[in-house]
Number of protein chains: 2
Amino acid sequence: MANFPFQRLQSDLAELIKKTPAGQRLPSEPDLAKQLGVSRATLREAMRSFETQGLIRRRQGSGTFVVGKVQALDSGLEVLESLETIAKRMGLEVSISDLNIESIVADEELSALLGVPQDAKLTRVRRVIRAESRPVAYLVDILPEEILHIKDLPADFHGSVLDCLLERGDLLTSSRANISAIGASADVAKPLEIQRGDVLLHFHAQLFNAENKVVDYSFSYFIPGYFHFHVVRRVGNG
Amino acid sequence: MANFPFQRLQSDLAELIKKTPAGQRLPSEPDLAKQLGVSRATLREAMRSFETQGLIRRRQGSGTFVVGKVQALDSGLEVLESLETIAKRMGLEVSISDLNIESIVADEELSALLGVPQDAKLTRVRRVIRAESRPVAYLVDILPEEILHIKDLPADFHGSVLDCLLERGDLLTSSRANISAIGASADVAKPLEIQRGDVLLHFHAQLFNAENKVVDYSFSYFIPGYFHFHVVRRVGNG
DNA sequence: CAGTGGTCTAGACCACACG
DNA sequence: GTGTGGTCTAGACCACTGA
């Protein structure tokens with residue numbers, strides 16, 4: 001018995017996943033745990049990283065499946081584009097699910113972020129973005145109702161609030177995005193069909209119009225393996 | 001007994017941490033688990049997110065401590081600056097530890113990334129960056145030996161390879177950084193004094209000189225709570 | 001040395017998918 | 001119903017800290 005079960009386990013798992021054809025189901029967790037000589041808890045912990053890399057997908061009630069090589073959505077951060085636009089350019093299919101549109105009221109935090117009075121009415125749009133039928137991102141946009149009323153959203157809304165505003169002719173200039181990493185909370189883990197605590201890349205951003213007013217505040221959660229975000233950084237004058 | 005132990009647990013923990021003075025030790029894990037009516041495994045899972053937020057710090061053998069409010073290092077991604085430069089501008093103390101400088105040989109991957117022949121000699125610099133004595137980032141730079149030989153590093157090297165090259169007068173233009181999120185591997189968890197699997201923000205970047213040659217390839221791992229990275233994104237012409 | 005966090009185990013019960 | 005992954009428990013052993 002190795003002294004470091006976890007390291008061994010990860011390489012064993014990597015090998016197993018590699019040699020399993022795409023779409024195939026892995027042995028069940030209890031079986032696999034026995035085969036690999038570890039407890040189920042340890043096995044599950046080791047599987048997490050493979051899931052955030054997009055190599056496997058677990059589905060409650062049905063099993064854990066090996067995923068074929070995924071084409072990640074590739075985007076430079078200097079330009080703000082919708083995921084739809086990026087996907088289209090790359091020739092990928094994306095769709096949305098779990099669409100939820102609600103009218104909410106500004107609390108202290110939102111009133112500060114959006115520059116509106118407290119208790120102002122807001123529109124919140126939440127949805128899951130899927131690439132090749134897999135959930136890959138969870139997006140939440142919050143806008144003042146004057147900017148976007150629930151009724152303003154087209155019946156065939158297909159995922160991007162940004163594209164909606166642009167098509168309408170709104171003059172938008174830029175977005176300020178904060179970039180972080182978080183563990184998935186229960187709220188976001190469920191729609192993304194991942195485990196609570198799984199690693200996510202997280203943006204929260206303010207979108208500005210030509211008058212420098214905030215028209216949209218958004219939270220975005222990305223499953224890392226499905227995205228390649230990059231940015232070119234100028235070297236500061238030394 | 002609540003049906004959702006975890007949610008309750010997280011808010012109970014948040015409250016406990018809030019009302020505990022900075023620097024104070026929390027009860028031990030077995031004690032706390034009993035107090036809160038959960039198993040130790042569940043308690044530890046719930047504590048993870050507070051650690052990546054920089055609210056608590058766990059030290060093996062001594063205990064879990066509440067951390068006073070931290071001033072995060074704030075940086076725009078348009079400009080590449082060393083963490084040292086950022087910290088200095090903000091009036092924060094940073095130091096380095098676990099400095100390791102080695103000569104290595106290019107494998108296939110590194111030869112492609114750095115644009116050097118396979119088996120070329122490279123210099124690798126690894127170190128932990130600490131802010132107010134806490135580990136907050138783990139940085140690895142890899143450069144061709146012609147660019148930076150081990151002997152070229154000053155005896156008083158204090159953390160930034162970028163600053164080193166700039167002070168020497170190298171003409172550097174820009175860096176291309178890829179941004180992702182990962183769970184900490186054992187290798188990086190140990191020097192950062194966090195748990196394996198904890199959430200980290202991850203950059204890997206190529207640094208270019210005036211001739212558009214790659215002079216440095218770097219991996220960076222950041223504990224999310226100690227950093228605020230942001231970027232201004234131009235709205236793509238719709 | 002006693003007490004702490006770090007890791008792992010074995011087993012239980014649940015919610016969900018599918019036949 | 002049966003089998004899957006999702007969650008939680010109770011307890012063990014280890015490595016480390018600090019008196």
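Between chain A and chain B there are 2 salt bridges, a salt bridge being a side-chain nitrogen of Lys or Arg within 4 Å of a carboxyl oxygen of Asp or Glu. In one of them, the side chains of E45(A) and R48(B) meet at 3.9 Å, N to O. The elements that give two or more residues to the side of chain A that touches chain B are α3 (40-52), β3 (73-76), β4 (79-80), β8 (172-183), β9 (199-209) and β11 (227-235) of chain A; helices (H or I, at least four residues) and strands (E, at least two) are DSSP runs, numbered from the N terminus.

A word on the ground rules: this is a predicted model, in which local features need pLDDT of at least 70 and side-chain atom pairs count only at pLDDT 80 or more, while totals for chains, interfaces and linings use all residues. Residues are numbered from 1 along each chain as its sequence is written, chains are lettered from A and ligands numbered from 1 in the order in which they are written, and side-chain values use heavy atoms, with hydrogens and water left out.

**The protein interface**

Chain A brings 39 residues to the contact and chain B brings 38 residues, where contact means heavy atoms within 4.5 Å. About 3,700 Å² is buried between the two chains, and carbon and sulfur atoms give 57% of that area. Buried area here is the accessible area (1.4 Å probe) that two parts lose on being put together, summed over both. I179(A), R233(A) and V235(A) supply 21% of the area that chain A buries against chain B, more than any other three residues.

I179(A) also has a place in strand pairing: its bridge partner in β11(B) is F229(B). In total, 6 bridges join β8(A) to β11(B) (residues 227-235), and the two strands run antiparallel; strands pair if DSSP finds at least two bridges between them.

The rule also finds 20 residue pairs in polar contact across this interface, both residues at pLDDT 80 or more. A polar contact is a pair of N or O atoms within 3.5 Å; within protein, one must be able to donate a hydrogen and the other to accept it, and residues adjacent in sequence count only if both atoms are side-chain atoms. β8(A) gives the most to the side of chain A that touches chain B, with 12 residues.

**The DNA strands**

Around DNA strand D there are 24 residues, of which E29(A), R40(A), R44(A), S39(B) and T42(B) come nearest. DNA strand C is likewise surrounded by 24 residues, the closest being S39(A), T42(A), E29(B), R40(B) and R44(B). Near means that a heavy atom of the residue lies within 4 Å. Sugar and phosphate make up 61% of the atoms of DNA strand C that come within 4 Å of the protein; for DNA strand D, 63% belong to sugar or phosphate and the rest to bases.

Here are some of the polar contacts to the DNA.

| Protein atom | DNA atom | Distance |
|---|---|---|
| R44(A), polar side-chain atom | strand D, phosphate oxygen | 2.6 Å |
| T42(B), side-chain N or O | strand D, phosphate oxygen | 2.7 Å |
| G61(B), polar backbone atom | strand D, base oxygen | 3.5 Å |
| R40(A), side-chain N or O | strand C, base nitrogen | 3.3 Å |
| Q60(A), polar side-chain atom | strand C, base nitrogen | 3.1 Å |

The largest share of the surface near DNA strand D comes from α3(B), with 3 residues, and α3(A) gives the most to the surface near DNA strand C, also 3 residues.
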